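Here is a short set of exercises to work through with the structure open beside you. Try each task first, then follow the solution step by step.

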Amino acid sequence: MTDTLEIFAVTPPGLEAALLPEFRALGYKDARYGAGGVTMMGSWPDVWRLNLELRGATKVLARIGTFRAMSLAGLDHRADEFPWDETFYSGTAVRVEATCKRSKIYHAGAAIERVERALLKAGMKPSADGEVTLKIRIEQNIVTLSVDTSGESLHKRGHKEAIGKAPMRENMAALFLRQAGYDGTEPVLDPMCGSGTFLIEAAEIAEGLQAGRSRSFAFEALASFDEAAFKALRRSVSVINGPARCFGSDRDAGAIKGAIANADRAGISALCDFQCKPVSDVERPDGPAGLVIVNPPYGGRIGDKKQLFALYASLGTTLKDRFSGWRVALVTSEPGLAKATGLPLTQGPAVPHGGLKVWLFQTPPLK
């Protein structure tokens, strides 16, 4: 194992290109996107920084080794020789996962068993509930070993407790905001805000806050971790003052109460204005035009799809009548519902979400 690692940031399929600009903004000019995420070469401090900063990633994987194995006996031998102590402390509980494709080793369970045996010999404790996860990919007889350096999915920012009925994951919300052209300088409005995910992400982007500032990570249990160096990567957060630039409403009073609590825990409540009201009562905020972004119900899990056409039509009417100059971004699994808004929407790539495929539909500034 060398000081230079191949680092892979996982993101939902269809959103890989939207994640790449985050790497560019952090100064990683050589990062490249491909199926399932973004890859770059870097060091362990880069791993820590990416976990702390990236808004659109689900996981950050560090690839710690690659070798050829044509049989389980060969895997045994290479696993026994591998310098596990460079990655894991003695006694660390390690969860091992494996996938096998187009290889002579085709049984993932057998591969896991061999690597777990090698870890045990090296002083680690293989466990289904391990504090860190080692991922084995065997493809065309090449074994790739990666460590999940994140732990819990990175969409879990650490300060959100109240969750709506069909929540948008924070990392997806951040990437949809980016796809909609949001850079933190304009007002944002969500007329069906639920627990406030879009608006809290927007406010954090506007303030340049680190996505992972309120949580811990699996890499903190690795042998490469330097607590003082990681602490130096964390930026202090000063008191954030208004006026509000992120406006949310929902007809569900419980959702609004949760959104207010979530924004308060995130430390950005001064930038957010949440009100309980139906879509038909939403008014344009004072000030310049900005972005309306909304994730309405789409019948897959919430509501009867046939009854939702009127809701989408009402949304479209409200936006056309009151939001001249504003852009609209709408997430739904039903192109027919998007069309019911009567807005001049264009459709983005499909993105898996909660067992469905969803699309981001966008408009130019409304006339």
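Start with a warm-up on this predicted model: glutamate 186 has a relative accessible area of 14%, so it counts as buried. Keep that residue in view, since the first exercise begins there.

**Exercise 1. A salt bridge between distant parts of the chain**

Task: Which residue forms a salt bridge with glutamate 186, and how many residues apart are the two?

Solution:
- Step 1. Look for the partner: glutamate 186 forms a salt bridge with arginine 327, and their closest N and O atoms are 2.8 Å apart.
- Step 2. Place both ends on the chain. Arginine 327 belongs to strand E13, while glutamate 186 sits in the loop between helix H5 (170-179) and E9; the two are 141 residues apart.
- Step 3. Check the accessibility of the partner. Arginine 327 has a relative accessibility of 19%, and the cut-off for buried is under 20%, so arginine 327 counts as buried.

**Exercise 2. Two further pairs**

Task: Take the salt bridges of arginine 117 and arginine 114 in turn; which partner does each have, and is each side chain buried or partly exposed?

Solution:
- Step 1. Arginine 117 meets aspartate 76 in a salt bridge, at 3.8 Å from N to O.
- Step 2. This pair also links distant parts of the chain: arginine 117 is in helix H4 (residues 108-121) and aspartate 76 in helix H3 (residues 72-81), 41 residues apart.
- Step 3. Arginine 117 is partly exposed, because its relative accessible area is 37%. Aspartate 76, at 19% relative accessibility, counts as buried.
- Step 4. Arginine 114 pairs with glutamate 113, with the closest N and O atoms 3.8 Å apart.
- Step 5. Here the arginine is the buried partner, since arginine 114 has a relative accessibility of 19%. Glutamate 113 is partly exposed because its relative accessible area is 41%.
- Step 6. For context, a search of the whole structure finds 20 salt bridges.

**Exercise 3. Strand E12 and its neighbours**

Task: Which strands pair with E12, and which residues stand opposite each other?

Solution:
- Step 1. Begin with strand E12 itself, residues 291-294. Leu291 and Ile293 lie on one side and Val292 and Val294 on the other; all are buried, and both faces of the strand are covered.
- Step 2. Turn to strand E9 (residues 188-190), which runs parallel to E12 and is joined to it by two bridges. In this pairing, valine 188 stands opposite leucine 291.
- Step 3. Now take strand E13 (residues 327-332): four bridges join it to E12, again in parallel. Here valine 294 stands opposite leucine 330.

**Exercise 4. The surroundings of aspartate 148**

Task: Is aspartate 148 buried or exposed, and what does its side chain reach?

Solution:
- Step 1. Locate aspartate 148 in strand E8 (residues 142-148).
- Step 2. Its relative accessibility is 5%, so aspartate 148 counts as buried.
- Step 3. Follow the side chain of aspartate 148: it reaches the backbone nitrogen of glycine 151 at 3.2 Å.
- Step 4. List the contacts, leaving out residues up to four places away in sequence: aspartate 148 touches Lys59, Val60, Leu61, Thr133, Lys135 and Ala218.

**Exercise 5. Where the two domains meet**

Task: How much area do domain 1 and domain 2 bury between them, and which residues of domain 1 lose the most?

Solution:
- Step 1. Set the bounds. The domain assignment gives domain 1 as 5-148 and domain 2 as 170-210 + 243-366.
- Step 2. Their centres, taken over C-alpha atoms, are 35 Å apart. Domain 1 brings 15 residues to the contact and domain 2 brings 17.
- Step 3. The two domains bury about 1,300 Å² between them, with 59% of it on carbon and sulfur atoms.
- Step 4. In domain 1, Leu15, Ala18 and Arg55 lose the most area to domain 2, together 50% of what that side buries.
- Step 5. Add the polar side: there are two salt bridges between the domains, and six residue pairs are in polar contact across the interface.
- Step 6. Find the helices involved. H1 (16-25) and H2 (44-53) each supply at least two residues of the side of domain 1 that touches domain 2, and H1 gives the largest share, four residues.
- Step 7. Finish with Arg55, which forms a salt bridge with glutamate 204, the closest N and O atoms being 2.6 Å apart.

Note on methods: Residues numbered from 1 in each chain as written. Predicted model: local features only at pLDDT ≥ 70, side-chain atom pairs only at ≥ 80, totals over all residues. Heavy atoms only, no water. Buried < 20%, exposed > 50% of the residue type's maximum accessible area, 1.4 Å probe, protein only. Pairing = 2+ DSSP bridges. Polar contact = N/O pair within 3.5 Å; in protein donor to acceptor, adjacent residues only side chain to side chain. Contact = heavy atoms within 4.5 Å. Domains from an automatic or database assignment. Buried area = accessible area lost by both parts, 1.4 Å probe. Salt bridge = Lys/Arg side-chain N within 4 Å of Asp/Glu carboxyl O.
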